[in-house]
Amino acid sequence: MHTELQTLSSKCRELYETVQRWLRAERMHEAALACKELCEQFPSFVGGWEAGSFIAQRLGNLPKAREYIDRAIASGGQNP
């Protein structure tokens with residue numbers, strides 16, 4: 001398991017793992033919905049914004065990908 005995940009709250013970890021499962025299955029729209037919930041509930045979790053950036057890029061929304069990576073940087077890399 002990724003070291004960062006070991007320090008997260010259980011709900012944050014659960015949502016992040018859901019996002020990752022959808023990504024592995026290449027189900028970008030489902031991943032985007034799960035990631036939206038993750039970022040709304042845990043806005044200081046950099047992993048959520050990084051995943052959102054990746055998803056937006058894969059969906060062809062480069063401005064949104066840039067916005068999300070900027071949010072990841074601005075979050076300060078904190079974990080809930």
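**Exercise 1. Work out how the span of α4 fits its number of residues.**

Solution. Start with the count: α4 has 13 residues. From its first C-alpha to its last it reaches 19 Å, close to the 18 Å expected at 1.5 Å a residue. The expected span is 1.5 Å times one less than the number of residues. Helices here are DSSP runs of H or I with at least four residues, strands are runs of E with at least two, and both are numbered from the N terminus.

Before going on, a word on what you're looking at: this is a predicted model, where local features need pLDDT of at least 70, side-chain atom pairs count only at pLDDT 80 or more, and totals for chains, interfaces and linings use all residues. Residues are numbered from 1 along each chain as its sequence is written, and side-chain values use heavy atoms, with hydrogens and water left out.

**Exercise 2. Place α4 in the whole protein and find its buried residues.**

Solution. First, the overall picture: the protein has five helices and zero strands, in the order α-α-α-α-α. Next, burial. Buried means under 20% relative accessible area, exposed over 50%, and partly exposed in between (1.4 Å probe, protein chains only). Of the 80 residues in the protein, 35% are buried. In α4, the buried ones include Val46, Trp49, Ile55 and Ala56. Finally, look past the end of α4: glycine 60 follows, with a positive phi near 85°.

**Exercise 3. Describe the largest nonpolar core.**

Solution. Take the meaning first: a nonpolar core is a set of buried Ala, Val, Leu, Ile, Met, Phe, Trp, Tyr and Cys residues joined through side-chain atoms within 4.5 Å. The largest one has 19 residues, and Val19, Leu38 and Phe45 have the most contacts inside it. Now the helices: α2 (10-24), α3 (28-41) and α4 (46-58) each supply at least two of its residues. α3 gives the most, with six residues. As background, nonpolar side chains tend to be buried together in soluble globular proteins.

**Exercise 4. Find what lines the largest pocket.**

Solution. On a 1 Å grid over the protein atoms alone, a pocket is an open set of points where a 1.4 Å probe fits, with protein on both sides within 12 Å along at least five of seven lines; lining residues have an atom within 4 Å of a point. The lining here has 13 residues, with Ala32, Lys36, Gly52, Lys64 and Tyr68 nearest the centre of the pocket. α3, α4 and α5 (62-74) each supply at least two lining residues, and α3 gives the most, with five.

**Exercise 5. Follow α5 from its start to the residues after it.**

Solution. Begin at the start of α5, where a side-chain oxygen of asparagine 61 comes within 3.1 Å of the backbone nitrogen of lysine 64. Then check the length: α5 has 13 residues and reaches 18 Å, close to the 18 Å expected. Alanine 74 is in α5, and it counts as exposed because its relative accessibility is 66%. Its C-alpha is 10.0 Å from that of tryptophan 49, though the two are 25 residues apart in sequence.

Step past the helix to serine 75, in the segment after α5. Serine 75 counts as buried because its relative accessibility is 11%. A polar atom of its side chain lies 2.7 Å from the backbone oxygen of alanine 72. Last comes glycine 76, whose phi is positive, near 80°.

How values were computed: A polar contact is a pair of N or O atoms within 3.5 Å; within protein, one must be able to donate a hydrogen and the other to accept it, and residues adjacent in sequence count only if both atoms are side-chain atoms.
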